[in-house]
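Biologist: I am new to this one. Could you walk me through it and tell me how each label is earned?

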Amino acid sequence: MSRTARPRHYLMCRPTHFTVDYSINPWMEPAKPTDAARAVAQWERLHALFRELGHTVELIEPLPGLPDMVFAANGATVVDGTALVARFRHRERADEAPAYREWFRARGYRTVVRAEFTNEGEGDYLPVGGRILAGTGFRTDRRAHAEAQRVLGRPVVTLELVDPRYYHLDTALAVLGDDEIMYYPAAFSPESRGTLAALYPDAVLASDEDAAVFGLNAVSDGLRVVLPEAAVGLAAQLRARGFEPVGIDVTELLKAGGSVKCCTLELRGAPA
Ligand SMILES: CN(C)C(=N)NCCC[C@H](N)C(=O)O
């Protein structure tokens, strides 16, 4: 199958203040040392890679006291130029929402929506084809899904996450193309597994090993798939299907429970 890359527009946040000094997911161990310089170096490489691949990357200013702000994908969901800004589940991240809201306003987005229900942006909302796959179970409130459907104007498919290690949808499922995904079935309830199998019978399925290194926290432009380099099984499966996997080391950020996709918010459409 021949595939083509489409240039993307991303928002990222440099991990200037990155550390793990609280724990809101099973990956975060405040007693384990983090290396801020290493986190910045790994992030810089990811940022440079997106630009080398021909994508546009904008930056939001990192704020002191918000060590998880590097995970820009959680800040909002942007579809057709409308920004639905996150409302974070945990107090530790709550102040990121106004920073993202402000960024969108300053960039000229006229439809910047303050969410009524808890939602963690693209951590749990993944637009694919004409629909939005939406996670719930740990972070995003199930009631937020109807709000996302109304604000973003696309049908939402609810998927229930059941394994706390895969607390956001984008830790267990990645969008590869217009109608192609890869996912880790064990992260989902039996009902949601049925939904995914019915919608995407040809999906790439991840092994326990590839899921555990956050191989599904990947960013695809339709051809090149940037993913953690340790996810070698997924990379082989992607290659066999005509994608070009590009492995990268972001292990320092994994200490906070995030990886490639978590650092990358896609800006879809011109500001509306
Ligand atoms: C995929 N995305 C966006 C994420 N999974 N984000 C990582 C968030 C990590 C943070 N310590 C937290 O627990 O919120």
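Modeller: Happily! Keep in mind that this is a predicted model. Four strands, β1 (9-12), β6 (125-128), β9 (173-177) and β12 (219-220), each give at least two residues to the lining of the largest pocket.

Biologist: Which strand gives the most to that lining?

Modeller: That is β9, with five residues. The lining of the largest pocket counts 37 residues, and Arg6, Arg8, Val175, Gly177 and Asp178 are the ones nearest its centre. By class, the lining has 15 nonpolar, nine polar and 13 charged residues. The space in this pocket comes to about 660 Å³.

Biologist: And where does the ligand sit?

Modeller: The ligand is found in the largest cavity. Its shell has 19 residues, with Asn25, Arg93, Asp170, Ala256 and Cys262 coming nearest. Seven residues of that shell are nonpolar, eight polar and four charged.

Biologist: What makes the pair between Asn25 and the ligand a polar contact?

Modeller: The cut-off is 3.5 Å between N or O atoms. A polar side-chain atom of Asn25 lies 2.8 Å from an oxygen atom of the ligand, so the pair counts as a polar contact.

Biologist: How do you know that His168 qualifies?

Modeller: An N or O atom in the His168 side chain is 2.9 Å from a nitrogen atom of the ligand, which is within 3.5 Å and therefore counts.

Biologist: How much of the ligand does the protein bury?

Modeller: The ligand exposes 390 Å² when taken alone, and the protein buries 100% of that.

Notes: Residues numbered from 1 in each chain as written. Predicted model: local features only at pLDDT ≥ 70, side-chain atom pairs only at ≥ 80, totals over all residues. Heavy atoms only, no water. Near = heavy atom within 4 Å. Polar contact = N/O pair within 3.5 Å; in protein donor to acceptor, adjacent residues only side chain to side chain. Areas by Shrake-Rupley, 256 points an atom, 1.4 Å probe, with all protein chains shown as cover. 1 Å grid on protein atoms, 1.4 Å probe; cavity = no way out; pocket = protein on both sides within 12 Å on 5 of 7 lines; lining within 4 Å. Sits in = over half its atoms within 2 Å of the grid points. Nonpolar A, V, L, I, M, F, W, Y, C, P; charged D, E, K, R; others polar. Points joined across faces, edges and corners; volume = space filled by probe spheres on them.
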